[in-house]
Every structure is written in C-alpha cells, then in structure tokens.
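User: I am a first-year student, and I would like a close look at a single part of this model, explained step by step and with its surroundings.
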Amino acid sequence: MLRKHEATFELWRFAARYSLIELERYYRKDSKVFATIKKVLRLPSEGIESFLKQGMPIAILNEVIRDVVSNLDSGICNMCLLEATTSWGRGLCQTCAVAQERLTEMAAKRDILKVNAEERATAAASLAEQARWEAREAERARLDARAAEDQWFIAAEKAKM
Ligand SMILES: [Zn+2]
C-alpha cells in the first residue's frame with residue numbers, strides 16, 4: 001500500500017513504472033531521489049535504456065529528461081519565464097517552485113486515494129467471491145444429504161419386499 005513516507009528512489013521507480021504521474025513528480029522533486037536518477041542516467045551500464053527495460057513509459061522519461069536538462073540551465077524560470085532560478089534549481093523560480101510543490105502534493109494525495117480505493121474494491125470483490133463459493137458448497141452438501149436419504153429409503157423399501 002502506498003503511503004507518503006520519505007521519498008526514495010524505489011518509490012519513484014514504482015510510481016514511474018505504473019504511470020502514477022503526480023506521485024512520480026512528487027518523488028522526483030526530492031533532491032536525493034533526483035540525484036540518484038541523474039546518477040543512473042550517467043552510468044554507462046544503466047542510462048535511459050535501463051529505465052526503458054524496467055517498463056517506464058516514454059512520456060515519463062521525457063519529463064525526467066526535461067527536468068534534468070532544465071536543471072543544467074541556471075537562467076530564467078521555466079514556468080513564468082520572468083524570475084531568475086538562482087539557488088532554486090529545477091529550472092523554477094521560488095514562487096513557481098512553491099506553487100508547483102503544492103500542486104504536486106495535492107495531486108499525489110489524489111493518487112494515493114485512488115490506489116487505496118482500488119485495493120478496497122479488490123478486497124470486497126474477493127470477499128463476495130468467497131461468499132458465493134461457500135453458498136455453492138452448502139447447497140452441494142444439502143443435495144448430497146438428500147441423495148443419501150433417498151438411497152436409504154429405497155434400500156429400506158426393498159428390504160420389506
Ligand atoms: Zn517562476
């Protein structure tokens with residue numbers, strides 16, 4: 001079950017693979033996670049190919065690369081194109097970085113609620129299936145008992161003849 005613990009590379013990878021878009025963004029905003037992503041991209045044995053092999057969608061990787069490239073620029077804000085991004089990194093100015101973070105957090109919560117609702121629905125469906133199975137078994141047992149009773153009755157009638 002997904003909870004918004006401390007962001008880790010593993011959680012980021014999970015969110016990326018399953019296209020939990022807002023959660024992926026949320027984890028990617030963590031500086032330690034982002035540093036690990038960049039490290040993997042730099043490794044000759046890993047790189048973007050390893051992410052692709054792990055089943056990450058191109059759309060997600062596109063955003064990751066855009067983020068990495070934006071990170072290289074220290075010029076103007078990528079979002080409002082007005083303020084300087086000095087010391088805020090990620091290609092955003094302070095105002096946009098804070099706004100973006102709040103949006104991402106809200107959306108990540110929505111993703112978590114969605115996952116939890118799906119888990120509950122799956123659990124309910126399996127309980128219902130179990131109940132149906134038990135009902136079928138009970139019916140079968142009742143029919144077996146009835147058949148045994150009939151057999152006994154027939155045997156008893158024959159014995160009288
Ligand atoms: Zn800005």
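How many helices and how many strands does the protein have? After that, please concentrate on helix 1 and tell me which of its residues are buried, and which residues of helix 1 and helix 2 make the contact between them.

Analyst: Please keep in mind from the start that this is a predicted model. The protein has six helices and zero strands, and reading along the sequence therefore gives the pattern α-α-α-α-α-α, in which a helix is a DSSP run of at least four residues. Before turning to the part you chose, it helps to look at the overall outline. The C-alpha trace spans about 105 × 35 × 25 Å along its principal axes, and the radius of gyration is 29 Å, whereas a compact globule of 161 residues would have one near 15 Å. Buried residues make up 18% of the 161 residues. Among contacts with a separation of 6 or more, 41% are between residues 24 or more positions apart.

Now to the part itself. Helix 1 covers residues 9-17, and its buried residues are Leu11, Trp12, Arg13, Ala15 and Ala16. Just after the helix comes Ser19, which takes a positive phi of about 55°.

Phe9 also has its place in helix 1, but Phe9 is partly exposed, because 17 other C-beta atoms lie within 10 Å, while a residue counts as buried only if there are 20 or more. Leaving aside residues up to four places away in sequence, Phe9 touches Val33 and Thr36. With Val33 the separation is 24 residues in sequence, yet the two C-alpha atoms are 5.1 Å apart in space.

The buried side of the story continues in the largest nonpolar core. In soluble globular proteins, nonpolar side chains tend to be buried together. Here the largest nonpolar core has 17 residues, of which Trp12, Ala15, Leu23, Tyr27 and Val33 touch the most other members. Two or more residues come from each of helix 1, helix 2 (21-28), helix 3 (31-42) and helix 5 (58-72), and helix 1 gives the most, with four residues.

The next step is to see how helix 1 packs against its neighbor in sequence. Two packed helices are described by the angle between their axes and the distance between the axes. For helix 1 and helix 2 the angle is about 150°, and the axes are 8 Å apart. Angles over 145 degrees count as roughly antiparallel, so helix 1 is roughly antiparallel to helix 2. Their crossing is left-handed. On the side of helix 1 the contact is made by Leu11, Trp12, Ala15 and Ala16, and on the side of helix 2 by Leu23, Glu24, Tyr27 and Arg28.

Leu23 leads onward from here, as this residue touches Ala15, Ala108 and Asp111, again not counting residues up to four places away in sequence. Ala108 and Asp111 take part in the contact that helix 6 makes with helix 2. Helix 2 and helix 6 (residues 94-160) pack at an angle of about 130°, with their axes 8 Å apart, which makes helix 2 oblique to helix 6. This crossing, too, is left-handed. Helix 2 contributes Glu22, Leu23, Arg25 and Tyr26 to the contact, and helix 6 contributes Thr104, Glu105, Ala107, Ala108, Arg110 and Asp111.

To return to your part, then, helix 1 gives four residues to the largest nonpolar core, and Ala15, which is buried, is one of the residues that Leu23 of helix 2 touches.

Conventions:
Residues numbered from 1 in each chain as written. Predicted model: local features only at pLDDT ≥ 70, side-chain atom pairs only at ≥ 80, totals over all residues. Buried ≥ 20, exposed ≤ 12 C-beta atoms within 10 Å, placed from the backbone. Rg over C-alpha atoms; globule rule 2.2 N^0.38 Å. Contact = placed C-beta atoms within 7 Å. Core = buried A, V, L, I, M, F, W, Y, C linked by C-beta atoms within 7 Å. Axes fitted to C-alpha atoms, helices over the stretch in contact; angles between N-to-C directions. Parallel < 35°, antiparallel > 145°, perpendicular 65-115°, else oblique. Left-handed = near helix turned anticlockwise from the far one by under 90°.
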